[in-house]
Amino acid sequence: MDHESFDVVIIGGGVSGCATFWTLSEYSNVKSIAIVEKCSDLAMVSSNVRANSQTVHDGSIETNYTAQKAKKVKLSAQKVVNYALKHNLQNKVIYKTQKMAIGVGDKECEFIQKRHHEFLEVFPDLEWFDKGTIKQIEPNIILGVDRTNDRPENIVGSGYREAWCAMNFEALSKDFANRAQEKNPNNQVLLNFWVKSIKQNAQDGYTLTSKSGEVVHAKFVLVNAGSYSLVLAQTMQYGLNLGCLPVAGSFYFVPNLLRGKVYMVQNPKLPFAAVHGDPDIGVANRTRIGPTAIAMPKLERSKYWFSGISTDLAKVDFHREIFGVLLDLIKDPEIRAYVLKNIIFEIPFFGKREFLKDARKLIPSLRVGDLEYAKGYGEVRPQVVDRSAKKLELGEKKIITNKGITFNMTPSPGATSCLQNAYIDALEITKYLNATFDTTRFLQDLSPEEL
């Protein structure tokens with residue numbers, strides 16, 4: 001089947017692709033936009049409600065953020081919050097809860113105290129919680145192993161008693177897409193369209209062909225395909241200096257023991273979040289603890305560990321420099337111990353018992369019977385490897401070709417930054433197409449403090 005041509009085709013129907021779909025539809029004069037998505041519905045991979053921690057990461061409790069980074073992330077996060085509130089999506093897409101970062105033990109408490117004072121410049125209303133206050137807000141953090149007495153360690157926290165900080169990014173994705181199609185009847189969402197090839201046309205634009213033989217044409221192509229973005233880029237000879245370390249996260253369910261989001265101090269050597277607790281907005285009366293982190297040769301999670309191993313990933317990563325980066329990481333004893341521990345987390349019976357040791361730092365009274373492996377939860381996040389610099393590139397990565405095609409790789413907090421990234425991409429796309437974009441109205445609606 002040969003579909004009509006579009007001004008813009010976005011590959012990937014997750015929250016990042018859908019955010020750009022809506023942003024272009026609402027604030028530009030681009031005449032026709034399509035999303036092509038390989039799954040049977042939107043937001044079925046990384047943006048699925050089961051695939052992430054359901055958190056709006058604004059930098060206030062993420063201990064791996066500097067104050068400078070938090071300033072930028074806060075503005076990005078506020079756009080998503082403002083969108084949800086503007087469209088009356090409270091308790092449908094966005095939810096209000098408590099959130100805090102805690103330090104356990106004197107060293108971490110000193111770190112949290114120093115961080116709290118630094119971050120007051122960015123978050124003037126950030127609250128300080130001593131051990132007694134935490135006991136009132138989150139009693140199960142303070143309750144000891146014996147379930148009678150308080151835990152002995154010094155504990156402090158920094159955060160908010162109430163904030164719009166929990167989000168269903170799957171529902172947000174679909175809301176973006178619905179509004180984009182309502183705004184412009186020329187826009188389309190093409191499901192079950194797994195892109196096999198992207199060919200540059202001799203005169204103008206690109207032709208996209210799916211694995212089933214469907215074809216669409218576009219003047220501009222934006223690739224927001226998560227772990228698949230680099231694979232598609234390299235088939236077109238872009239990003240050949242990059243590799244991909246796919247890291248999958250898993251979660252455990254426990255009873256409803258936390259009233260809000262509780263994060264812990266992250267090891268600065270590791271690009272992965274420390275274990276944290278989140279009341280699950282998709283499952284009633286459950287708290288999710290995690291994530292674990294394990295590298296695997298797959299571009300997305302599947303039911304069985306050995307199914308879905310990606311041959312495309314082998315083409316991207318089969319280089320001496322990639323193995324050198326991995327070897328250097330494993331040489332560090334802390335990283336090596338972390339990797340081995342997370343492998344054990346995935347093993348039935350033994351994994352739950354090993355994970356309990358980490359989870360008890362957050363909730364000391366947990367028993368092994370309280371933990372239930374969350375089957376079908378978690379997803380792969382692409383950590384980009386720079387072969388030239390021989391190191392991991394943390395954060396978001398973009399390949400701009402200046403030829404009408406751009407590739408985005410957006411690991412966490414890509415969902416939180418979806419509207420900020422959509423804004424950046426929309427400016428590039430409209431400039432390339434000689435179209436207009438209403439920056440003033442975009443900022444008035446979503447981030448008036450930037451005007």
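1. Two strands are counted as paired if DSSP finds at least two bridges between them. The points below concern a predicted model, and in it four strands form an open sheet in the order E15-E10-E17-E18, with antiparallel pairing. The edges are taken by strand E15 (294-295) and strand E18 (391-393). Each of these has a single partner strand, so one side of each is left without a neighbour in the sheet.

2. Within that order, strand E10 (residues 242-248) and strand E17 (residues 380-386) are joined by seven bridges in the antiparallel sense. The register can be checked at Val247, which stands opposite Arg381 in E17.

3. The approach to the edge strand E15 deserves inspection. The loop between strand E14 (286-290) and E15 contains Pro291. The peptide bond that leads from Gly290 into Pro291 is cis, and its omega is near 0°.

4. A separate antiparallel pairing links strand E7 (residues 195-200) to strand E8 (residues 206-210) over five bridges. Here Ser197 is the residue that stands opposite Thr209 in E8. The hairpin of E7 and E8 has five residues between the strands, and in this hairpin Gly205 adopts a positive phi near 80°.

5. Which residue in the loop between strand E6 (188-190) and E7 should be examined for its backbone? Asn192 lies in that loop, and its phi is near 55°, a positive value in a residue other than glycine. Asn192 has a relative accessible area of 48% and is therefore partly exposed, given that the exposed class requires over 50%.

6. A further asparagine calls for a similar check of the backbone. Asn91 belongs to the loop between helix H2 (67-86) and strand E3 (94-104). The phi of Asn91 is near 60°, again positive although the residue is not glycine. With a relative accessible area of 53%, Asn91 is classed as exposed, the cut-off for that class being over 50%.

7. Which residues make the nonpolar surface patch of about 390 Å²? The patch is made by Ile344, Ile347, Phe349 and Phe350. Of these residues, Phe350 can be placed in helix H11 (residues 350-362). The relative accessible area of Phe350 is 53%, so this side chain's residue counts as exposed. Membership of a patch requires over 30% relative accessible area, and the 53% of Phe350 is consistent with that requirement.

Key. Residues numbered from 1 in each chain as written. Predicted model: local features only at pLDDT ≥ 70, side-chain atom pairs only at ≥ 80, totals over all residues. Heavy atoms only, no water. Helix = DSSP H or I, 4+ residues; strand = E, 2+ residues; numbered from the N terminus. Patch = residues over 30% accessible without salt bridge, like charges linked within 9 Å, V, L, I, M, F, W, Y side chains within 5 Å. Areas by Shrake-Rupley, 256 points an atom, 1.4 Å probe, with all protein chains shown as cover. Salt bridge = Lys/Arg side-chain N within 4 Å of Asp/Glu carboxyl O. Buried < 20%, exposed > 50% of the residue type's maximum accessible area, 1.4 Å probe, protein only.
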